[in-house]
Amino acid sequence: AGLVPGGAPLWYASPSGGIGSSTAPVINTAVVGNTTIWFSQAVGSCEGGRDSVKVQVNPVPAPITGTMSACQYFTTTLSVLTLAGTWSSGTPSIATVDAGGTVYGVTGGTAFITYTLPTTCYRTTPVTINPKPAPPLPGLPNRYCQFKLSSPLAATGTNLLYYGLGVTPGSPVAPTPPTDSARILNYYVTQTSSFGCVSDSALYQITVYPEPVPPLVADLTYC
């Protein structure tokens with residue numbers, strides 16, 4: 001910018017002396033600090049005075065640390081040693097992040113979380129949001145006659161945990177429903193994915209029907 005018609009820039013490493021280069025210098029952004037570059041412009045054999053420009057290389061934030069995954073609807077907290085920055089999510093439909101670096105999983109996928117300094121230098125990290133599994137499927141049989149032998153519950157799912165009458169909460173051992181009285185028994189079962197994400201509980205309802213009373217038979221007399 002500012003070149004006269006036919007002018008060409010010449011670049012120098014100092015304010016005086018040296019030989020100008022027609023190739024613009026390349027700034028080493030791996031080195032933090034200020035660099036001063038001098039330049040002039042030449043038209044033919046005529047060269048003007050030198051001016052300078054300062055280039056500042058600012059540091060990027062320190063690496064982002066923390067657990068880079070979370071279950072859907074749960075959180076993980078990230079941190080960085082460099083202060084005065086702000087957090088943002090490039091994919092808020094997958095995960096959001098608050099001012100303290102706490103990431104909340106909205107839905108399954110990969111979110112890109114960024115920490116930006118006032119200098120606009122930033123660092124980005126991917127955070128995996130593992131989806132919440134669907135509730136497991138209750139199995140059969142789910143109906144019994146009173147006093148008859150029953151079988152352990154048999155839901156379909158992964159890493160099942162059972163809750164309900166006579167069950168230690170969160171037991172992986174399927175309970176066997178009692179049939180000593182006629183009633184409806186409500187059990188609940190969850191499944192856990194390989195990522196450690198727990199589903200909502202599914203209702204596993206067992207109905208115990210009453211034992212029929214013996215029929216009434218009257219004595220009969222015939223001639």
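Two strands count as paired if DSSP finds at least two bridges between them, and strands (E, at least two residues) are DSSP runs numbered from the N terminus. This is a predicted model, so local features need pLDDT of at least 70 and side-chain atom pairs count only at pLDDT 80 or more, while totals for chains, interfaces and linings use all residues. Residues are numbered from 1 along each chain as its sequence is written, and side-chain values use heavy atoms, with hydrogens and water left out.

**Exercise 1. Work out the strand order of the open sheet that holds β7 and β10.**

Step 1: start with β7 (residues 75–79) and β10 (residues 102–105), which pair antiparallel over three bridges. Thr76 sits opposite Val103 of β10 here.

Step 2: go to the other neighbour of β10. Strand β9 is joined to β10 by three bridges, again antiparallel, and Val97 has Val103 as its bridge partner.

Step 3: put it together. The order is β5-β7-β10-β9, four strands with antiparallel pairing. That leaves β5 (65–66) and β9 (95–97) as the edges, each pairing on one side only.

**Exercise 2. Sort the residues of β10 by face, then look at the hairpin leading into it.**

Step 1: recall the rule that side chains in a regular strand alternate between the two faces of the sheet.

Step 2: apply it. Val103 and Gly105 make up the covered face of β10, while Thr102 and Tyr104 make up the uncovered one.

Step 3: check the turn. The β9–β10 hairpin has four residues between the strands, and Gly101 takes a positive phi near 90 degrees.

**Exercise 3. Find the nonpolar surface patch that includes Tyr104.**

Step 1: get the criteria straight. Patch members have over 30% relative accessible area and no salt bridge (a side-chain nitrogen of Lys or Arg within 4 Å of a carboxyl oxygen of Asp or Glu). Nonpolar side chains are joined within 5 Å, and areas come from the Shrake-Rupley method with a 1.4 Å probe.

Step 2: name the members. Tyr73, Phe74 and Tyr104 form the patch, with about 340 Å² of accessible area together.

Step 3: zoom in on Tyr73, in the loop between β6 (69–71) and β7. Its relative accessible area is 45%, so Tyr73 is partly exposed (buried is under 20%, exposed over 50%, partly exposed in between).

**Exercise 4. Pick out the backbone oddities in the loops.**

Step 1: remember the background: most residues other than glycine have a negative phi, and most peptide bonds are trans.

Step 2: list the positive phi values. Tyr73 is near 75 degrees and Asn159 near 50 degrees. Asn159 lies between β13 and β14 (161–163).

Step 3: add the cis peptide bond joining Leu140 and Pro141, with omega about 0 degrees.

How values were computed: Patches are made of residues with over 30% relative accessible area and no salt bridge: like charges are joined within 9 Å, nonpolar side chains (Val, Leu, Ile, Met, Phe, Trp, Tyr) within 5 Å. Buried means under 20% relative accessible area, exposed over 50%, partly exposed in between (1.4 Å probe, protein chains only).
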